[in-house]
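Below are some points on side-chain packing, set out for a colleague who will want to check each of them against the coordinates.

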Amino acid sequence: MTVAIEMGHTTAGAPAALDLEELLATRLLVQGNSGSGKSHLLRRLLEQSAPWVQQTIIDPEGDFVSLGDRFGHLVIDAEEHTERGLQSAGERARIHRVSTVLNLEGLDAENQMRRAAAFLGGLFEVARDHWYPMLVVVDEAQLFAPAVAGEVSDEARKLSLGAMTNLMCRGRKRGLAGIIATQRLAKLAKNVAAEASNFLMGRTFLDIDMARAADLLGMERRQAEAFRDLERGQFMAMGPALSRRPLGLRIGPTDTSPRNGTPRLMPLPESALEDARAIILAAPPPETVRPQRRSSPDLLDQLMAAKSAALEIRPEPVEPPISAEDLAERRERVDRVLRAVLAQPDAGFRVIGVLYQEFVVRCRIEGLASVVPDLPEFRRMLTRARAGLGSDMAGDDAWQDVSVRASLLPEDMQGVFMMIARAAKEGWPCPSDAAIARAYGSHSLRRARRLLTYIEEQGLIVCQLDGVGRRTVTLVELAWATAPGDPGAAEVEQGSLAV
Ligand SMILES: Nc1ncnc2c1ncn2[C@@H]1O[C@H](COP(=O)(O)OP(=O)(O)OP(=O)(O)O)[C@@H](O)[C@H]1O
Ligand SMILES: [Mg+2]
């Protein structure tokens, strides 16, 4: 039996069919610039094939959650589950043959990669008895299989790239048919793209993407130029599951719609906002914990319940109480790990998630797994460390006041304030713009100066320039003042914990 699903119409007006069984064996790559209609195409494919085959969608934007309402896909909000939880969910989804949407919305790149990798790993690792055919759709695949290293940790990239490579290279035997979509072919890892034998090419503007597409399809570059003229929803199809020769087709309508449609032009409000500057640029509200999203009364729970018997549930090991000395000694060692992490070149400019990951790994290696601070505590330690303070000084009475004041500022500015406070307390020269920028995790000197102005406007400090352009900062009320310092000076190391 062959199952042909209808994707739309050819340019000549004939129905354009996609052979599902062939697709399972040969995989599909969709490429097209933003707005070319890739997600719509995937939706059409998913809707048309839903009655025939189990599916899962790796959904970075939460575009596909509406499939749940219409076709009963289980929506898994990745934000609410651990990697281990998602790995088991992947396995169980296959065992019970439940179609799923893995909604990765709201996670940073690092966690999107890790959690997608865990879930894909679960689908992949399941025992041979459960190797039923399944479509695995990955939208924005370049996020999970990037061609070059980005801002995320090496570990996350390795996990994610590994999972995508498994899906595309070794998935077929296990019944997994990879269907991946990307805006930019040039940004997608080559080995992942190369495993697809079916292609749907949409509107493409950049030469480099066109060249990659031509290479993949074995076309003349000149022929690939035609991708520039495609309209939204129009694709060139090629491959054993589609057509042996390049075929132009227009994707048909869908039953469900994405949550975020194309923005429509709206008339602007008629009256101008009074005092727009004050309203838009008001100090940001203090950071609050994001409210937990409502967790759906979901099938996952049922799946969990059904399977928990088979799952080995290990009791939490009971730890012997730790003596005060031991605790102090461990804190000191944790501090040392933090210093080592921060001593690396560029540590000042890395995003906190990446620093934290590395910090945790190093703590584990040092046998400090049981006392690893959580992320909020890590942030506080980082703030102190960047200000040149060890955890010992945090207990210092003179600093209580400074910490209280610092807490009036947005979290990312607190380190800068503490650094300046320290210089003022010790009577050191005022930190240069470069030093302030670094403590703020930025390369921009302008931003450093803006930051100082902002802190001054909050009434925490007073900045003064002397006749030769050196800057002094005085802490309001405490009346500690830095020595005059050259704002343009190259960065100098200050204090034992300077980073
Ligand atoms: N074949 C089509 N028929 C009707 N509407 C379409 C079609 N293809 C796309 N659209 C509409 O065009 C808009 C953009 O399409 P879509 O979101 O699929 O683009 P995309 O390629 O996924 O873009 P991005 O890379 O930014 O996610 C959507 O509002 C979608 O509903
Ligand atoms: Mg899209």
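1. In this predicted model, arginine 174 is placed over the face of phenylalanine 124, with a distance of 4.2 Å from the ring centre. A second arrangement of this kind involves arginine 97, which lies over the face of tyrosine 132 at 3.8 Å from the ring centre.

2. Arginine 97 also appears among the residues that glutamine 54 touches, and, leaving aside residues up to four places away in sequence, that list consists of Ala93, Arg94, Arg97, Val98, Ser99, Pro133, Met134 and Leu135. Glutamine 54 itself belongs to strand 4, which covers residues 54-59.

3. Is glutamine 54 buried or exposed? Its relative accessibility is 6%, and because buried means under 20% relative accessible area, glutamine 54 counts as buried. What, then, lies at the polar atoms of the side chain of glutamine 54? The backbone oxygen of alanine 93 lies 3.1 Å from a polar atom of this side chain, and the backbone oxygen of valine 98 is found 2.9 Å from a polar atom of the side chain of glutamine 54. Both alanine 93 and valine 98 are also in the list of residues that glutamine 54 touches.

4. As for ring-to-ring packing, a search of the whole structure finds three aromatic pairs. One of these joins tyrosine 356 and phenylalanine 378, whose ring centres are 5.0 Å apart and whose planes stand at 55°, so the pair is tilted; the reason is that planes under 30 degrees apart count as stacked and those over 60 as edge-to-face, with the rest classed as tilted. Since tyrosine 356 lies in helix 13 (residues 352-365) and phenylalanine 378 in helix 14 (residues 375-386), the pair ties together parts that are 22 residues apart in sequence.

5. Phenylalanine 378 forms a further aromatic pair with phenylalanine 359, likewise tilted, at 4.7 Å centre to centre and with 40° between the planes. This pair, too, links distant parts of the chain, with phenylalanine 359 in helix 13 and phenylalanine 378 in helix 14, 19 residues apart.

6. Through these ring pairs, Tyr356, Phe359 and Phe378 are linked into a cluster. How buried are its members? Tyrosine 356 is buried with a relative accessible area of 16%, while phenylalanine 359 is buried at 0% and phenylalanine 378 is buried with a relative accessible area of 0%.

Key:
Residues are numbered from 1 along each chain as its sequence is written. Chains are lettered from A and ligands numbered from 1 in the order in which they are written. This is a predicted model: local features need pLDDT of at least 70, side-chain atom pairs count only at pLDDT 80 or more; totals for chains, interfaces and linings use all residues. Side-chain values use heavy atoms; hydrogens and water are left out. Rings of Phe, Tyr and Trp (its six-membered ring) pair if their centres lie within 6.5 Å; planes under 30 degrees apart count as stacked, over 60 as edge-to-face and the rest as tilted. Helices (H or I, at least four residues) and strands (E, at least two) are DSSP runs, numbered from the N terminus. Buried means under 20% relative accessible area, exposed over 50%, partly exposed in between (1.4 Å probe, protein chains only). A charge sits over a ring if NZ of Lys or CZ of Arg is within 6 Å of the ring centre and within 35 degrees of the ring normal. A polar contact is a pair of N or O atoms within 3.5 Å; within protein, one must be able to donate a hydrogen and the other to accept it, and residues adjacent in sequence count only if both atoms are side-chain atoms. Contact means heavy atoms within 4.5 Å.
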